[in-house]
Amino acid sequence: MEFERAASVHPAPLIDPFGRAIAYLRVSVTDRCDFRCVYCMAEDMTFLPKADLLSLEELDRLCSAFVAKGVRKLRLTGGEPLVRRGIMTLFRSLSRHLADGALDELTLTTNGSQLPKYASELAACGIKRINVSLDTRDADKFRAITRWGELDKVLAGIDAAQAAGLSVKINTVALKGVNEDEIPSLIEWAHGRGMDLTVIEVMPLGDVGEQRLDQYLPLSMVRARLAERFTLDEIDHRTGGPARYVRVKETGGRLGFITPLTHNFCESCNRVRLTCTGTLYMCLGQEDAADLRTPLRASEGNELLYAAIDEAITRKPKGHDFVIDRRHKRPALSRHMSVTGG
Ligand code: SAM
């Protein structure tokens with residue numbers, strides 16, 4: 001399938017009210033997933049009717065409009081991006097922006113289950129690095145966390161990705177009483193295979209039918225415990241994202257920490273997030289959003305779309321303010337991570 005090129009006129013780049021250039025777009029291509037991780041989704045999630053989703057052609061046009069406006073990095077996520085039917089068509093089509101130099105990086109965040117099938121094709125599209133989410137290497141715990149997942153498939157997916165030449169970073173959500181004791185061995189395993197690992201704090205997003213406070217483990221505690229066992233040397237490595245990195249002296253590998261609740265990482269935020277229905281969120285942690293589907297569908301040209309994107313960027317907030325509501329035990333935001341894209 002051939003998708004249209006973005007308009008050749010070069011529209012004004014995206015600078016938000018705080019002078020931050022928006023160069024990074026994360027796109028949730030589906031809200032569906034083959035797993036039901038306990039901190040991410042309720043077991044009986046209701047998904048969007050398929051008719052509400054943007055088509056792959058529309059997603060391509062939207063992404064390309066952002067590329068024309070100066071976005072240099074695109075990450076497809078979800079839900080699970082690799083369960084969207086025909087997703088490789090979108091990767092193949094978007095890879096033209098890598099080929100012509102408009103895009104520095106095209107990448108994805110995945111749970112890994114479909115990588116045995118798609119890893120080589122992803123590499124052939126010019127994808128260099130991917131993030132794979134993995135919270136445990138214990139098969140029973142893996143099943144308990146993901147409710148539906150199979151560890152073996154994910155490990156085979158990681159093997160396939162590395163065999164295809166993709167650089168893999170592991171993302172691990174720190175869960176109190178679940179995987180906290182396993183974090184050191186996950187680090188040793190990942191670093192032993194040449195993979196960076198980033199530990200993520202649970203964020204209060206969406207009602208998942210579990211007590212958020214039961215899952216929450218401050219990374220300050222994780223880090224303090226790791227420091228008893230490993231030498232953590234501060235390094236300057238920045239990926240343009242919210243992670244702060246250290247080098248683990250004993251393994252030689254890089255370890256990242258994403259601490260939305262205990263550390264404010266918004267000052268340098270250069271990203272916006274698009275949902276699979278064409279809603280643009282200017283901040284993961286705020287409700288304010290812009291509808292891009294209407295201007296996208298209103299005309300074949302991109303002028304209305306560019307105007308809507310420009311207007312949205314004037315509303316990008318300075319930062320988020322996640323708070324786990326201790327009194328009512330409610331999520332800080334009603335929207336799930338699978339909607340905005342993690
Ligand atoms: N399905 C893909 C995957 O598993 O990576 C992409 C989407 S998933 C929503 C992206 C990341 O968000 C995963 O690493 C997941 O563990 C993380 N995540 C989901 N809900 C979260 C929450 N409430 N707090 C912190 N991280 C969360």
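Good morning. I begin with a term: a residue counts as buried when its relative accessible area is under 20%. By that criterion, six of the six residues of strand 6 are buried. Please keep in mind throughout that the structure before you is a predicted model.

Let me stay with strand 6 for a moment. What lies on each of its two sides? On one side we find D196, T198 and I200, and on the other L197, V199 and E201; the residues of both faces are all buried. Strand 6 therefore has cover on both faces, since each of these residues falls under the 20% limit.

We now turn to the partner of strand 6. Strand 5, residues 167–174, runs parallel to strand 6, residues 196–201, and six bridges join the two. Several of these pairs can be followed by eye. I170 has L197 as its bridge partner in strand 6. N171 is matched with T198, and T172 with V199. Strand 5 is mostly covered as well, with seven of its eight residues buried.

Strand 5 also pairs with strand 4, residues 129–133, again in the parallel sense, here over five bridges. In this pairing, V132 stands opposite I170 of strand 5. I would ask you to locate I170 on the model, as it appears in both pairings: opposite V132, and as the bridge partner of L197.

Let us step back to the sheet as a whole. How many strands does the sheet have, and in what order do they come? The sheet is open and has twelve strands, in the order 7-8-9-6-5-4-3-2-1-10-11-12, with mixed pairing. At the edges stand strand 7, residues 232–234, and strand 12, residues 289–291; each has a single partner strand, so one side of each is left without a neighbour in the sheet. From one strand to the next, the twist averages 25°.

My next subject is the ligand. Which residues are closest to the ligand? The ligand is surrounded by 17 residues, and the closest are Y39, G79, E80, S133 and M203. The shell is made up of six nonpolar, eight polar and three charged residues.

Three polar approaches deserve a look. A polar side-chain atom of S133 is 2.5 Å from an oxygen atom of the ligand. For G79, a polar backbone atom is 2.9 Å from a nitrogen atom of the ligand. For E80, a polar side-chain atom lies 3.0 Å from a ligand nitrogen atom. As for cover, the ligand taken alone exposes 550 Å², and the protein buries 95% of that. S133 also links this part of my talk to the earlier one, because strand 4 comprises residues 129–133.

Finally, I draw your attention to D16, which is located in the segment before strand 1, residues 24–28. Is D16 buried or exposed? With a relative accessible area of 4%, D16 is buried, because the limit for that term is under 20%. Its side chain reaches the backbone nitrogen of F18 at 2.8 Å. The side chain of D16 also makes a polar contact of 2.7 Å with the side chain of R20.

Thank you for your attention.

Notes:
Residues numbered from 1 in each chain as written. Predicted model: local features only at pLDDT ≥ 70, side-chain atom pairs only at ≥ 80, totals over all residues. Heavy atoms only, no water. Near = heavy atom within 4 Å. Polar contact = N/O pair within 3.5 Å; in protein donor to acceptor, adjacent residues only side chain to side chain. Areas by Shrake-Rupley, 256 points an atom, 1.4 Å probe, with all protein chains shown as cover. Nonpolar A, V, L, I, M, F, W, Y, C, P; charged D, E, K, R; others polar. Pairing = 2+ DSSP bridges. Helix = DSSP H or I, 4+ residues; strand = E, 2+ residues; numbered from the N terminus. Axes fitted to C-alpha atoms, helices over the stretch in contact; angles between N-to-C directions. Buried < 20%, exposed > 50% of the residue type's maximum accessible area, 1.4 Å probe, protein only.
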